[in-house]
Amino acid sequence: MSSQKTVGVMLVLCMVMTTTLHASEMDDVSCSEAILSLWPCLPFLEGSLPPTPSADCCTGATNLFNKANTTPIKRKVCQCLKDASAKFGVKPDRAAQLPQLCHIQLPFPISPSPDCSKIE
């Protein structure tokens with residue numbers, strides 16, 4: 001009987017630890033997640049059609065920047081998007097239009113030039 005209780009307690013502890021770990025991972029944003037969130041924006045950001053960002057683009061941007069809610073995460077996302085914007089040929093004028101067209105406020109510009117260490 002005691003071995004069954006031990007197994008039961010261990011299962012509960014494993015579930016709690018897994019839930020806690022999963023929750024802490026969800027608080028962070030990986031670079032690949034940031035890029036995937038803005039992937040629908042790529043045609044707009046590269047300067048091709050459409051002349052405005054799609055609804056999927058704005059949804060992805062909104063979700064990403066809602067998740068980037070701490071200074072370390074903002075800096076990490078900033079650096080990721082800084083590197084990606086140079087790699088993907090993001091047009092600075094289009095990137096500057098994105099927040100206004102999607103009705104969001106960004107803590108930093110999407111461009112190859114921000115100093116991400118100064119993001120608060």
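A residue counts as buried when its relative accessible area is under 20%. The legends below describe close-up views of a predicted model.

**Figure 1. C102 and its surroundings in helix α6 of the predicted model.**
C102 has a relative accessibility of 7% and is therefore classed as buried. The residue belongs to helix α6, which spans residues 92-102. Setting aside residues up to four places away in sequence, C102 touches P53 and C58. The pair formed by C102 and C58 is separated by 44 residues in sequence, while the C-alpha atoms lie 5.1 Å apart in space.

**Figure 2. Overall helical architecture and confidence of the model.**
The protein contains six helices and zero strands, and its elements follow the pattern α-α-α-α-α-α along the sequence. Of its 120 residues, 32% are buried. Among contacts between residues at least 6 apart in sequence, 77% join residues at least 24 apart. The mean pLDDT of the protein is 80, with 78% of the residues at 70 or more. Among the elements, helix α4 (residues 55-67) has the highest mean pLDDT, 95, and helix α1 (residues 2-27) the lowest, 38. The pLDDT is below 50 over residues 2-26, and this stretch makes zero contacts in the model beyond near neighbours in sequence.

**Figure 3. The largest nonpolar core.**
This core comprises 27 residues. Those with the most contacts inside it are L64, F65, V77, L81, L98 and I110. Two or more residues are contributed by each of α2 (31-38), α3 (42-46), α4, α5 and α6 (92-102). In soluble globular proteins, nonpolar side chains tend to be buried together. As one example from the core, V77 touches V29, A34, L64, F65, A68 and F108 when residues up to four places away in sequence are not counted.

**Figure 4. The contact between helices α4 and α5.**
The axes of the two helices come within 9 Å and cross at roughly 140°. Angles over 145 degrees would count as roughly antiparallel, so at this crossing α4 is oblique to α5. On the α4 side the contact is made by L64, F65 and K67, and on the α5 side by I73, V77 and L81. By class, five of the contact residues are nonpolar, none is polar and one is charged. L64, F65, V77 and L81 are also among the residues with the most contacts inside the largest nonpolar core.

**Figure 5. S85 and S111, a pair of buried serines in contact.**
S85 lies in helix α5 (residues 71-88), whereas S111 is placed in the segment after α6. The relative accessible area of S85 is 3%, so this residue is buried. S111 is likewise buried, with a relative accessible area of 10%. Not counting residues up to four places away in sequence, S85 touches V90, S111 and P112. With its neighbours within four places in sequence left aside, S111 is in contact with L81, K82 and S85. L81 is thus shared between two views, as it also takes part in the contact of α5 with α4.

**Figure 6. K76 on helix α5.**
The relative accessibility of K76 is 37%, a value that makes the residue partly exposed. Apart from neighbours within four places in sequence, K76 is in contact with D28, V29 and S30. V29 is also touched by V77. K76 and S117 are 41 residues apart in sequence, and their C-alpha atoms are 9.2 Å apart in space.

**Figure 7. Backbone features at P50 and H103.**
A cis peptide bond joins L49 and P50, with omega at about 5°. P50 is located in the loop between α3 and α4. The second feature concerns phi of H103, which is near 60°, a positive value in a residue other than glycine. H103 is found in the segment after α6. H103 has a relative accessibility of 74% and therefore counts as exposed, whereas C102 is buried at 7%.

How values were computed:
Residues numbered from 1 in each chain as written. Heavy atoms only, no water. pLDDT = per-residue confidence, 0-100. Helix = DSSP H or I, 4+ residues; strand = E, 2+ residues; numbered from the N terminus. Contact = heavy atoms within 4.5 Å. Buried < 20%, exposed > 50% of the residue type's maximum accessible area, 1.4 Å probe, protein only. Core = buried A, V, L, I, M, F, W, Y, C linked by side-chain atoms within 4.5 Å. Axes fitted to C-alpha atoms, helices over the stretch in contact; angles between N-to-C directions. Parallel < 35°, antiparallel > 145°, perpendicular 65-115°, else oblique. Nonpolar A, V, L, I, M, F, W, Y, C, P; charged D, E, K, R; others polar.
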